[in-house]
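Hi everyone, thanks for making time for this. I'd like to walk you through one structure, and please stop me whenever you like.

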Amino acid sequence: MSKAGSSASETEVTWEDQQNINKFGRLNNRLHEVEDEIKIAKETNESLEDAGNELILTDEDIVRFQIGEVFAHVPKEEVESRIEEMTEKTSKNLVKLEEEKESIVAQMAALKKILYGKFKDSINLEED
């Protein structure tokens, strides 16, 4: 084993480089969390839309509405307004999550450019 050959191909990792690598890792973890939250928000929006459609089809003035773990008999108009509020809240949250995802992806792209610029093939920042 010759040290001369191996040291020529290795790039020294500075403290700043390590900070960038760590930041990239944190951003990558947060990206996965945000993607999961987006998936849940989309499913919630679909469920609320389905509930709203079912509510339109019902002829009853009083319907069962789940509050926490309990079903309560609530007037149809109140349930409609609650579903609208919940849909609006979930939609706003979804927009916020999408914006956060875009920001994270942009930050990760900038870090990739820096890290690949210095380490070339010595570092792998891509997911399989």
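Lys-120 sits in the segment after H3. Keep in mind that what we have here is a predicted model. So what is its phi, then? For Lys-120, phi is near 50 degrees, which is a positive value in a residue other than glycine. As background, most residues other than glycine have a negative phi. And is Lys-120 buried or exposed? Lys-120 counts as exposed, because its relative accessibility is 53% and the cut-off for exposed is over 50%.

Let's stay in that segment for a moment. Leu-125 is also placed in the segment after H3. Leu-125 has a relative accessible area of 12%, so Leu-125 is buried. Which residues does Leu-125 touch, if we skip those up to four places away in sequence? The answer is Phe-24, Lys-112, Leu-115 and Tyr-116. For a sense of distance, take Leu-125 and Ala-41: they are 84 residues apart in sequence, and their C-alpha atoms are 28 Å apart in space.

Now over to helix H2, where we find Asp-17. Asp-17 is buried, as its relative accessible area is 7%. Setting aside neighbours within four places in sequence, the contacts of Asp-17 are Glu-12, Leu-115, Lys-118 and Phe-119. You may remember Leu-115 from a minute ago, since Leu-125 touches Leu-115 and Asp-17 is in contact with Leu-115 too.

That brings us to the helix pair. Two packed helices are described by the angle between their axes and the distance between the axes. Here, H2 covers residues 15–57 and H3 covers residues 76–119. Their axes come within 7 Å and cross at roughly 155 degrees. With the limit for roughly antiparallel set at over 145, H2 and H3 are therefore roughly antiparallel to each other. The crossing of H2 and H3 is left-handed. And what is the contact made of? By class, the contact of H2 with H3 has 23 nonpolar, nine polar and 13 charged residues.

Next, please look at the loop between H2 and E1, where Asp-59 lies. Asp-59 is exposed, with 76% relative accessible area. Lys-112, which we met as a contact of Leu-125, is 53 residues from Asp-59 along the chain, and the C-alpha atoms of Asp-59 and Lys-112 are separated by 57 Å.

Last stop, the strands. E1 runs over residues 62–67 and E2 over residues 70–75, and the two pair in the antiparallel sense over six bridges. Which residue of E2 stands opposite Arg-64? That would be His-73. Likewise, Gln-66 has Phe-71 in E2 as its bridge partner. E1 and E2 form a hairpin with two residues between them. In the turn, Gly-68 has a positive phi of about 70 degrees, so we end as we began, with a backbone angle: recall that phi of Lys-120 is near 50 degrees.

Terms used:
Residues numbered from 1 in each chain as written. Predicted model: local features only at pLDDT ≥ 70, side-chain atom pairs only at ≥ 80, totals over all residues. Heavy atoms only, no water. Pairing = 2+ DSSP bridges. Helix = DSSP H or I, 4+ residues; strand = E, 2+ residues; numbered from the N terminus. Axes fitted to C-alpha atoms, helices over the stretch in contact; angles between N-to-C directions. Parallel < 35°, antiparallel > 145°, perpendicular 65-115°, else oblique. Left-handed = near helix turned anticlockwise from the far one by under 90°. Nonpolar A, V, L, I, M, F, W, Y, C, P; charged D, E, K, R; others polar. Buried < 20%, exposed > 50% of the residue type's maximum accessible area, 1.4 Å probe, protein only. Contact = heavy atoms within 4.5 Å.
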